[in-house]
Structures are given as structure tokens and as C-alpha cells.
Amino acid sequence: MLTDSRAMTQIQIAPPGLKNVVVADTELGDVRGGEGFYHYREYDAIDLARSRSFTEVWHLLFVGHLPDPAELTAFEQEIAAARTLPEPVRELLPTVARAGRDRHALARLRTALSLLGAVDGFEPAWGADPERLRREAIRVAAVTPTLLAAMHRLRAGEQPIPPRPELSTAADWLWQLTGSEPDPQTVAAIERYLVCTIDHGFNASTFTARVITSAGSDVASAVCGALGAFAGPLHGGAPDRALDALDEIGEASRARDWVRQKVADGDRIMGFGHAVYRTADPRAMLLRETALELGGELVELAVAVEQEVVAALAELKPGRELYANVEFYAGVVMERCGLPRELFTPTFAVARVVGWGANVLEQNRSSKIFRPSARYVGRPAPQPVPVRSTAG
């Protein structure tokens, strides 16, 4: 702790990355990394993923409780109505869809959601009617898969497919991507994945959404900011890279040598290790189970490689407790469900945008803006300003 002589206030120096620093109260859930456990409100998130639909958990986070049948029907209808794109967005979407490389889908989504916020006339969250803000948060989350699927098809030279109101979020996501009736087992696997990735504590993207909301900005701005953080390869942008690593390894017998070389080169092992968990990531455990239900050679390879990589990391980095994280098996599950790799991280975003929305709604109940300080480590100030040279 330092004393600021200008105001004689006590300044606390936080650790890098704000590790273990509590910056807000929340009722939405928590991650207990030492236990390998996380929850949404009062319920075990993995139990919810096994037993409840994505829409039910969405209702839990937005409204505060699991819905009864009548509430669920009304909520499903509200979500279905919010999936449709306004005409000005549909007109400009082909231009947005053509931008960037295939794996730039989140940048395109960020642009499309910013456009949607302007077209729909989103107003600042500061002083907003809570019901209006809730509708806007539902709108952003509901339209996200529509935007992603439409832009994916446009890039492939195909026409977007309108959403179907009778389908669940997972089923409609697959329908809009392919135009084929989704297989029930595939829908169940994607649904389980979406539920287990809706929210996960104050990660970088969630914190970004809350910082923007604390300034009183609108829902679209908060989600676009969150997307900017989420797109980073150290955050949401890694499921496809984890599967790329599995391809690079090729067979389980090569895994330990591959890890040794990566560690020697100072490279990050994508799909392993987590900033919070010191045990196995419960999401990875659930998705490993889901992958085994889907079956296939890829799954068998992934399970064998996981064991070898964990053993190699234990040998090379003793005491670090590095295990497979959600991204490793997320890539395996989505590959088995037939999704192209450029859609792995966007599918993650289909889930996480609900968590961001819930955090926006909660943060907006506070009147305090986030305003931390930085520690200046440059040359001592003030220094005399040098006289401008007149030579030449």
C-alpha cells in the first residue's frame, strides 16, 4: 500500500491481471477453482447442463429463477421473436460478411451487433427502465446466432436461412447453418456445450462488459467490447487452436515429445491449463463425457493425447497442476457435430453472449463507475520542457 501525497489517500497495488482481487458483488454465480466447481446462481452449472435446456438457464440468469412451464413458453416466444434481423441490417450484412479471413467471425459479429444497436436505437443503460434493458439484452443474445449463421453462409456464396421460432437455440443454430433438420444427438451435444459455457466468473470479456456498463453505455456497446476481449487467443479464441494442436500431434505416442518441444520453445499448450482451476476443469470433464457418447476415432485420439499431455506437463512443470481445459474437448465435440473450425469460437460466443447480458443487467443496478488507478513507472516528473529547436 502506498500513500498518494497529492490527496493523502491510500493506494493499493493490485497484482498483475487483478488476480484474486474482488471488484464487485454478484448473484449470478462463482468459480471455485480449488474445488473444480462453478455454479449459476445457486445451482451447480454442470448439473444444469445435464438436466436443463439452454433457454431455462438463460431465464435463470436473466430473471433469477428456473422457469415454470408457462414462464418457459413465454420466454421461448420472446427469444424466437428477437431472432429476426431488421431490414437495414440484412441489406448491409453481405458487405460485413465478406470482410476478413474465415477465422475473423467475431470481428464481423462485433461489427454487425454494433450496427444492430444503432438500427434498433439502443439507448444508454444509465437510468434505463430495467424491463427495456432486459428486452435489449435478450435481443442481442437472441440475434447473435442469426447474424453468425447468416454471415457464414454469405461467405460461402449461399443465402441466409431464416430462423425457425419453434426450434431451441441449439437446434436453430444448426438449422440456420446447414438448412438441414438437425440430428437430435447433435442438438443435445451442442445444447450441453452451450449451457456449460454461458458464464464463468469475472473473466476478461465479462469484466469488460461490466466496465462499459458501469459507464452507463448501451447493451450493444457492452457486448461489442466483451467480444473484443473474447476474440483473443488467450480467452475465447482458442477451441479451434486446441484442435489444431491435436492434428499436429497426430497420434498419442508423439504427444510427450510434442509437449517437450513446445515447452522448450516457450510456446503455450493450447487446450491445457486454466487461470482459475487447480483441478480438472469441470467443463472439460462434461465435454469429454459428451465426446465419448458421440464416439469416433477423433475422440479416442483426444482421450489418449490428453493423458499423455497431462503426464508430460506434470513432468516438465511439477506443482503447476495443468489439466485439459474446456477448449480441448469443446473442439472435439464441435468437430464431431460437424461444425467447421471457423465456427468453434462463434459457437462459444452464442452461449457467452447470454452471460454477458446477465452481467450487464446486474451491473446496471450499481451507480459506481469502474475507475482504477495505474502506477506510473516512467521518468520522474515534472521535467522542464525542452526548448524547441530552431535549427534547419
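This is a guided tour of a predicted model, with one stop after another to select in your viewer.

**Stop one: the annotated residues**

Begin by selecting H274 and E327, which the UniProt record, an unreviewed entry, annotates as "active site". Although they are spread over 54 residues of sequence, the two cluster in space, with a largest C-alpha distance of 10.1 Å.

Now keep H274 alone in the selection and follow the chain on either side, where you will find that H274 sits in the loop between helix 12 and helix 13 (282-294). Is H274 buried, partly exposed or exposed? With a relative accessibility of 26%, H274 counts as partly exposed. If you then display what surrounds H274, leaving out residues up to four places away in sequence, you will see that H274 touches H200, D281 and R283. It is also worth adding Y277 to the view, since the side chain of H274 reaches the backbone nitrogen of Y277 at 3.3 Å.

Turn next to E327, whose place is in helix 15, made of residues 326-336. E327 has a relative accessibility of 11%, so this residue counts as buried, whereas H274 counts as partly exposed.

**Stop two: helix 9 and its cover**

Select residues 204-214, which make up helix 9, and colour S205, T206, A209, R210, T213 and S214, the buried residues of this helix. What covers these buried residues? The cover includes helix 10 (219-230) and helix 16, so both are useful to show beside helix 9.

To look at helix 16 through one of its residues, select Q363, which is found in this helix, spanning residues 344-363. Q363 has a relative accessible area of 4% and is buried. Not counting residues up to four places away in sequence, Q363 touches R210, T213, S214, K368 and F370; R210, T213 and S214 are also among the buried residues of helix 9. If you show the side chains of Q363 and R210 together, you can find the polar contact of 2.8 Å that joins them.

Before leaving this region, step along the chain to G216, which follows helix 9 and has a positive phi, near 90°.

**Stop three: V187 and its contacts**

Move to helix 8, residues 184-196, and select V187, which is found there. This residue is buried, with a relative accessible area of 13%. Which residues is V187 in contact with, once its neighbours within four places in sequence are left aside? They are S168, A170, A171, L174 and P182. For a distance to check in the viewer, pick the C-alpha atoms of V187 and T169, which are 18 residues apart along the chain and separated by 9.4 Å.

**Stop four: salt bridges**

A search of the whole structure finds 27 salt bridges, and a few of them are suggested here for a look. Start with R32 and E35, which form a salt bridge with their closest N and O atoms 3.0 Å apart. R32 is partly exposed, with a relative accessible area of 34%, while E35 counts as exposed at 53% relative accessibility.

Next, select E166 and R164, whose side chains meet in a salt bridge of 2.7 Å, taken from N to O. E166 counts as exposed, at 55% relative accessibility.

Then go to helix 12, residues 255-265, and select D257 and R260; because they are three residues apart in this helix, about one helical turn separates them. These two residues form a salt bridge as well, and their closest N and O atoms are 3.0 Å apart. D257 is exposed, with a relative accessible area of 51%, and R260 is partly exposed, with 31%. Elsewhere, salt bridges that share partners join R50, R192, E289 and E293 into one network, which you can bring up by selecting these four residues together.

**Stop five: a nonpolar patch on the surface**

For the final stop, switch to a surface view and select L18, V21, V23 and F202, which make a nonpolar surface patch of about 270 Å². Among these residues, L18 is found in the loop between strand 2 (9-11) and strand 3 (29-32). How exposed is L18? L18 is partly exposed, with a relative accessible area of 36%.

Notes
Residues numbered from 1 in each chain as written. Predicted model: local features only at pLDDT ≥ 70, side-chain atom pairs only at ≥ 80, totals over all residues. Heavy atoms only, no water. Buried < 20%, exposed > 50% of the residue type's maximum accessible area, 1.4 Å probe, protein only. Helix = DSSP H or I, 4+ residues; strand = E, 2+ residues; numbered from the N terminus. Patch = residues over 30% accessible without salt bridge, like charges linked within 9 Å, V, L, I, M, F, W, Y side chains within 5 Å. Areas by Shrake-Rupley, 256 points an atom, 1.4 Å probe, with all protein chains shown as cover. UniProt positions renumbered as here; feature names shortened; annotations may be inferred. Contact = heavy atoms within 4.5 Å. Polar contact = N/O pair within 3.5 Å; in protein donor to acceptor, adjacent residues only side chain to side chain.
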